[in-house]
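Me: I am new to this structure. Please take me through some of the labels, and show how each one is earned.

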Amino acid sequence: MVAHDQAVGRLRESYEQIPPGVPVRLAKRSSNLFRPRTELDRPGLDVSRLTGVISIDQDARTADVQGMCTYEDLVAATLPYGLTPMVVPQLKTITLGGAVTGLGIESSSFRAGLPHESVLELDILTGAGALVTARPVGEHADLFRMFPNSYGTLGYATRLRIELDRISPYIALRHVRLELDALAPAIDEIVASGTYDGEPVHFVDGVAFSPSEAYLTLGRNSDAAVKTSDYTGQQIYYRSIQQRPTDFLTAHDYLWRWDTDWFWCSAAFGAQRPVVRRLWPRRWRRSDVFHKIVGFENRHHFAARLNQRRGRPDRERVIQDVEIPVARLADFLRWFDAQVGMRPVWLCPLRLRGSESWPLYPLKPGETYVNVGFWGTVPIAPGATDGDVNRRIEQAVTDFGGHKSLYSDAYYDRDTFDRLYNVPALTEVKNRYDPNNRLTGLYEKAVTRR
C-alpha cells in the first residue's frame with residue numbers, strides 16, 4: 001500500500017500540472033479502444049505506476065488491484081491460488097479499470113455477469129481532482145452505479161477491490177455444432193441448469209462461421225492432468241472448433257485462447273500463413289502487437305493508399321460488440337450475414353449477475369443476451385459513404401432490442417445517443433463530480449472522437 005499511495009500521489013501531482021480549463025486525459029501509451037481520438041500536445045495524467053496487484057485475500061476470495069493493471073498481470077497473480085477474476089476479458093492488455101469503466105465480457109458471463117458486477121469498492125480520481133472511495137451504498141453510491149460504461153467521463157479508477165472465483169488447473173472443452181435456431185434453446189438450458197446433455201458447464205461461448213455452421217464451446221473445470229493443446233504455436237484455436245469435438249487446455253491457456261490470434265483477426269496480417277507464422281516470433285503473436293499495427297495504419301493509411309493504387313474500393317472499418325436478446329439471436333445472425341456478410345462472428349451468452357440494471361448500459365435483469373462480436377472491414381459500395389454499414393448495424397441492433405458497446409466507432413445522432421445511453425442521468429452525476437467539465441463527455445468521446 002505504501003507503493004500504491006506513492007503512485008496515487010504522483011497521479012494527483014500530474015493532475016495539478018494540467019492547466020485550468022485544459023481537458024484532463026490519461027497519459028497512456030496503449031489502448032484497447034478502436035475509435036481514433038484527437039491527439040493532444042498537452043500533459044496528461046500519469047498512471048504509469050498504477051499497474052499492479054496490491055494484495056490477494058485467498059480466504060475471502062478478493063483482490064485489491066490498481067486501475068491500470070492488465071488482466072494478464074492480474075491472472076498471473078491469482079492463478080497460483082486457484083483463483084481468477086469472475087470475468088476475464090479475452091485480450092491480455094485490457095486493464096481492470098478499463099473493463100469496469102467500459103464493458104467486458106467472456107465465457108463466464110452467463111453466470112458471472114459483467115466485470116463491474118464483481119467490484120466491491122473502488123477509488124476514483126474525479127474530474128474535480130478529488131479522490132473518493134465509491135461503494136454500492138453510502139455517500140458516493142451514485143458514482144459507483146454510474147461508473148460502468150462511463151469511459152472516463154466521471155473519473156479514473158486508481159484501486160478496485162473485486163471478488164474472485166475458483167478455477168481448476170485445466171478446462172475440458174466440447175465444441176457442439178448447432179443450427180442457428182437451436183442456439184437459443186441450448187443457451188437457455190445451460191443458463192437454467194448449468195449443464196448441457198447432463199454434463200456441467202462452467203464456461204460457454206461460440207462461433208458462427210456461416211448461417212449453416214455454428215458452434216457452442218462448453219467449458220468444464222477439471223483437475224485431471226491429461227495432454228493439453230497449445231494454440232500459441234502453429235495451431236490456431238478458432239480453426240480447432242471445426243476440427244475436433246473435444247479439447248483440453250490449461251486454465252491459463254484457456255483464459256488467453258483468443259489472444260494469440262486476436263480471435264481470427266491475425267489473418268489480416270498474414271500471421272496464419274504457415275511460413276509467416278514460423279517466422280513471426282511467438283512473443284509477438286498477441287493482441288497488443290496487432291493493435292499497434294492497426295494504429296500505425298490509422299495514422300499513415302499505408303494499406304488504404306495501396307488499395308487505391310490497385311483500383312480497389314475503399315473499406316469501412318466494422319469493429320463492434322453488440323448484445324442481442326437470446327430469443328432474437330438467430331434472426332439477427334441471418335440479417336447480419338445477408339446485409340453485412342462478415343464471417344465468422346463470435347457469440348457469448350451473458351446475463352446480469354444481480355437484480356438491478358446499470359444506468360449507462362441498461363440490460364434487463366433476468367434476461368439472457370448474446371454478445372455478437374465482429375471485427376474487420378467491408379468494401380464501401382459505389383455511392384455509399386464511410387460509416388453507412390455501421391449506421392445500418394446500429395439501427396438493426398436497436399430494432400432487435402439490443403445494445404452496442406462503445407469501445408469502437410459510433411455514428412448515432414445526439415438525441416438517439418442520449419436516449420440509448422441514459423446521458424441525462426450521467427450528466428446529473430457528472431455535474432457533482434466534474435463541475436468544471438474537465439473530463440470529455442460520453443458523446444464527444446464515443447461519436448466525435450475527442
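Me: What makes β2 and β6 paired strands?
Reply: The model is predicted, and in it 5 bridges join β2 to β6 (residues 155–166). Pairing takes at least two bridges, so the two strands count as paired. They run antiparallel. Q66 stands opposite R159 in β6.

Me: How do you know that β1 and β2 pair?
Reply: Strand β1 (residues 53–57) shares 4 bridges with β2, in the antiparallel sense. At least two are needed, so β1 and β2 pair as well. D57 stands opposite T62 in β2. The two strands form a hairpin, with 4 residues between them. In the turn, R61 has a positive phi of about 55 degrees.

Me: Why is β2 called largely enclosed?
Reply: Because 5 of the 5 residues of β2 (residues 62–66) are buried, the rest of the structure largely encloses this strand. T62, D64 and Q66 point one way, A63 and V65 the other way, and all are buried. In a regular strand, side chains alternate between the two faces of the sheet.

Me: Why is S405 called buried?
Reply: Its relative accessibility is 4%. Buried means under 20%, so S405 counts as buried. S405 lies in the loop between β16 (403–404) and α14 (414–420).

Me: What makes the S405 and Y151 pair a polar contact?
Reply: Their side chains are 3.5 Å apart in this contact. The cut-off is within 3.5 Å, so the pair qualifies. Leaving aside neighbours within four places in sequence, S405 is in contact with L103, Y151, Q320, D321 and Y361.

Technical notes: Residues numbered from 1 in each chain as written. Predicted model: local features only at pLDDT ≥ 70, side-chain atom pairs only at ≥ 80, totals over all residues. Heavy atoms only, no water. Buried < 20%, exposed > 50% of the residue type's maximum accessible area, 1.4 Å probe, protein only. Polar contact = N/O pair within 3.5 Å; in protein donor to acceptor, adjacent residues only side chain to side chain. Contact = heavy atoms within 4.5 Å.
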